[in-house]
Amino acid sequence: MKLSRFFIVLMLIISSLLFAQEIPQDSLYLGQTPPGNTPKIFNLPVTNGLRPCERIAISADGKEIFYGELDSYPVSTSRVRYLKYQDNKWQGPYNLFEGFTAPKLSVNDSILYLQDKNFYTYNSKRVNTGWSTPVRLVSGNQHMHYFQTTTLNNSYASSYFEGSSNNGDICKMIIVNTDTILQSLGLPVNTPNHENDFSMAADESYLLFSRNVVNGAGDIYLSYHKANGRWTNPKKLASPINRPGNYWEYGEFISSDKKYLFYTSGGTSMGTYYTYWVKIDNIIDSLEHTNFIPYLFNKIPNQIDSVGYNYNYTFPDTTFIDDDGNNTLTYSATLNDGSPLPDWLSFNASTRTFFGTPTSTGNYSIKVVSTDTANAKATCTFNLKINNPWSDINDDQQILNDFKLFQNYPNPFNPTTNVEFYLGAAGRYKLDLYNSLGELVKNVFDREYNPGQYNETFDAAGLASGVYFYTLTGNNIKLINKMVILR
C-alpha cells in the first residue's frame, strides 16, 4: 500500500514536470488588459528616478518578463529587472543585472542578450540557479546595438552607438575567421539617417525599426523581406503609434505570438518615457497589401559629352525599384527646375533613353521622375556637361565620379604615347581616337577591365600630325581628352 502510494506521488511529480500548467489567460502580461490598435502604457515597476526604457523580453510561455530601467541619455545608471510567474502569481521584480539594458532572449529562451552603456553586447546563459554572469559576446572593440538571433540561425545588430561619427545601419552579423563583420542591409532600409533600434521577426519575414531624422525625432517603420533577399521600401507606422513632434518611438519587441508590439515612447524630458504596447498583427498584415512607394536604388551617374558628338544614354531598369511588381513604373524627364529639356535632347520614356546631338556647350541638371500606378513618385537628378572639344578639355585630367582619364604622356609625341586611366568599377571599356572633325580614326582597345589604375601604350603609326581626341567609354561613363601627334 505504501509502495503504490509512493508511485502515485512520483507520477504526479513527473506529470507536473512534463505537463507544466500554462499561465492563465487573465494573468498573461502581468494581468493587464491587452490593447487594440491604440497603444497603451504597459505598466512596469521601476525604481524611483529611473524610467522603463529600451526593449523588453518576454519568454515564449509568457511566464518571464525582462526589462531595463535607466536614468537618462547618455546612460549613467541602468539595470535589467526580472518578473516571473510562479506559484500562481507574478513575483518580483528582481534586480537581475546592474549596468545593463535592452534584454533580448534567444529563439529558444536559453540565452539572454544584453548591452552596456558603451554598446558592447553580452550574453547570459540559463543555469539551474537562474542566469550566469554576463560575458562579452564578441571580443575586440566591436560596438553594436540590439543584437538578436532568428530561427534561420542568423544574427542581426545595428551599427549605431552614441558618440559614433557614422550613421547607424541595421546589419546582418557575419563571422569571417576571427573577424566580426556588420554587413548593412543597404537600401531601402538604411539611409543617411540613423537606423538603430529594431526587432527582426523570428522567421525574418518582416522588420520593425526606428529611423531618426536630423533635428527631429525617431519613428517606427516596417519593411518586409522579399523573395530575392532584399527588403521592401519601409512604411512609417501611422499615428497614434508614431506621435508627431519631438517624440521618439524606439525599443521594439514583438511578442512570440506576433500579436503585440512593445516599444518605448517619450518626448523632451525623461519623465515622459514609458513602455507601450499595441496590437500589431493586423497592421503588419494590412500594410503588406497597400501601395509601396517607389525609391531610387542606383543613382544615375553624372556624364560628359561634346558638341557635335552623338549623345546616347539608357539608364538601367534597376535605377528605381517598385516593390508592387515589375513593369509598374512610368518615366518622365525635365530639367531640375521643371523646364523642358534642351531642344537637341530627347527622352524615350519606354526605353529610358536620352539621345541627341549637342549643338552648344552647357551644364544641365536633369531630373528623372518615376511614377507608379498609384501616382507615387521617386526622383533622381544627374548632371550632363557638354564640352567644346577644342577648348573645354582639362589638359591635366578628366574626372567623372570614381573614373579618371589622365593626360597622355609624352604629349606631343611620335609615334607612341602612354594613356593612363583609373576605373572605379569592373566592366567593358573602350578607348577610341577621333580627329578634329569628330571622325573615328582608330579603336585603341575594347575589352573587360577590373577596378583599378591602368597604363596602355598607344602607337600612332600611320596617322598624320595634328590634334586628336581620345575617349574612354563604358559602364555609363564617357571621358574625353586631347592629344597631339607631331611628326
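**Exercise 1. Which residues are linked with Glu69 in a network of salt bridges?**

Solution. In this predicted model, a search of the whole structure finds 15 salt bridges. Glu69 belongs to a network of salt bridges that also includes Arg79, Arg81 and Glu98.

**Exercise 2. Locate the two partners of the salt bridge between Asp323 and Lys226, and decide for each whether the residue is buried, partly exposed or exposed.**

Solution. Begin with the pair itself: the closest N and O atoms of Asp323 and Lys226 are 2.7 Å apart, and the two residues form a salt bridge. The pair links distant parts of the chain, since Asp323 sits in the loop between strand 25 (320–321) and strand 26 (330–335), while Lys226 sits in the loop between strand 17 (218–224) and strand 18 (235–236), 97 residues apart. Next, take the accessibilities in turn. Asp323 has a relative accessible area of 14% and is therefore buried, as buried means under 20%. Lys226, with a relative accessible area of 24%, is partly exposed.

**Exercise 3. Work out which strands are tied together by the salt bridge between Arg428 and Glu448, and then turn to the pair Asp432 and Lys430.**

Solution. The salt bridge between Arg428 and Glu448 has its closest N and O atoms 3.8 Å apart. Arg428 lies in strand 34 (residues 427–434) and Glu448 in strand 35 (residues 440–449), so this pair ties together parts that are 20 residues apart in sequence. As to exposure, Arg428 is partly exposed at a relative accessible area of 46%, whereas Glu448, at 54% relative accessibility, counts as exposed, because the exposed class starts over 50%.

For the second pair, Asp432 forms a salt bridge with Lys430, and the closest N and O atoms are 3.7 Å apart. Here Asp432 counts as buried, at 5% relative accessibility, while Lys430 counts as partly exposed, at 34%.

**Exercise 4. Describe the surroundings of Pro415, taking its place in the chain as the starting point.**

Solution. Pro415 is placed in the loop between strand 32 (403–406) and strand 33 (416–423), and at 34% relative accessibility this proline counts as partly exposed. The C-alpha atoms of Pro415 and Asp459 are separated by 5.8 Å, although the two residues are 44 residues apart along the chain. When neighbours within four places in sequence are left aside, Pro415 is in contact with Phe458, Asp459, Ala460, Ala461 and Arg487.

**Exercise 5. Find where the prolines of two cis peptide bonds, Gly92 to Pro93 and Leu187 to Pro188, are located.**

Solution. The peptide bond from Gly92 to Pro93 is cis, with omega near 10 degrees, and Pro93 lies in strand 5 (residues 89–98). The bond that joins Leu187 and Pro188 is also cis, with omega about 0 degrees, but Pro188 is found in a loop, the one between strand 14 (179–184) and strand 15 (194–200).

**Exercise 6. Asp109 and Asn375 each have a positive phi; state whether each residue is buried or exposed, and where it lies.**

Solution. Asp109 is a residue other than glycine, yet its phi is near 65 degrees. It lies in the loop between strand 6 (101–105) and strand 7 (111–115), and at 15% relative accessibility Asp109 counts as buried. Asn375, likewise not a glycine, has a positive phi of about 70 degrees. Its place is in the loop between strand 29 (362–371) and strand 30 (377–387), and at 52% relative accessibility Asn375 counts as exposed.

Note on methods. Residues are numbered from 1 along each chain as its sequence is written. This is a predicted model: local features need pLDDT of at least 70, side-chain atom pairs count only at pLDDT 80 or more; totals for chains, interfaces and linings use all residues. Side-chain values use heavy atoms; hydrogens and water are left out. A salt bridge is a side-chain nitrogen of Lys or Arg within 4 Å of a carboxyl oxygen of Asp or Glu. Helices (H or I, at least four residues) and strands (E, at least two) are DSSP runs, numbered from the N terminus. Buried means under 20% relative accessible area, exposed over 50%, partly exposed in between (1.4 Å probe, protein chains only). Contact means heavy atoms within 4.5 Å.
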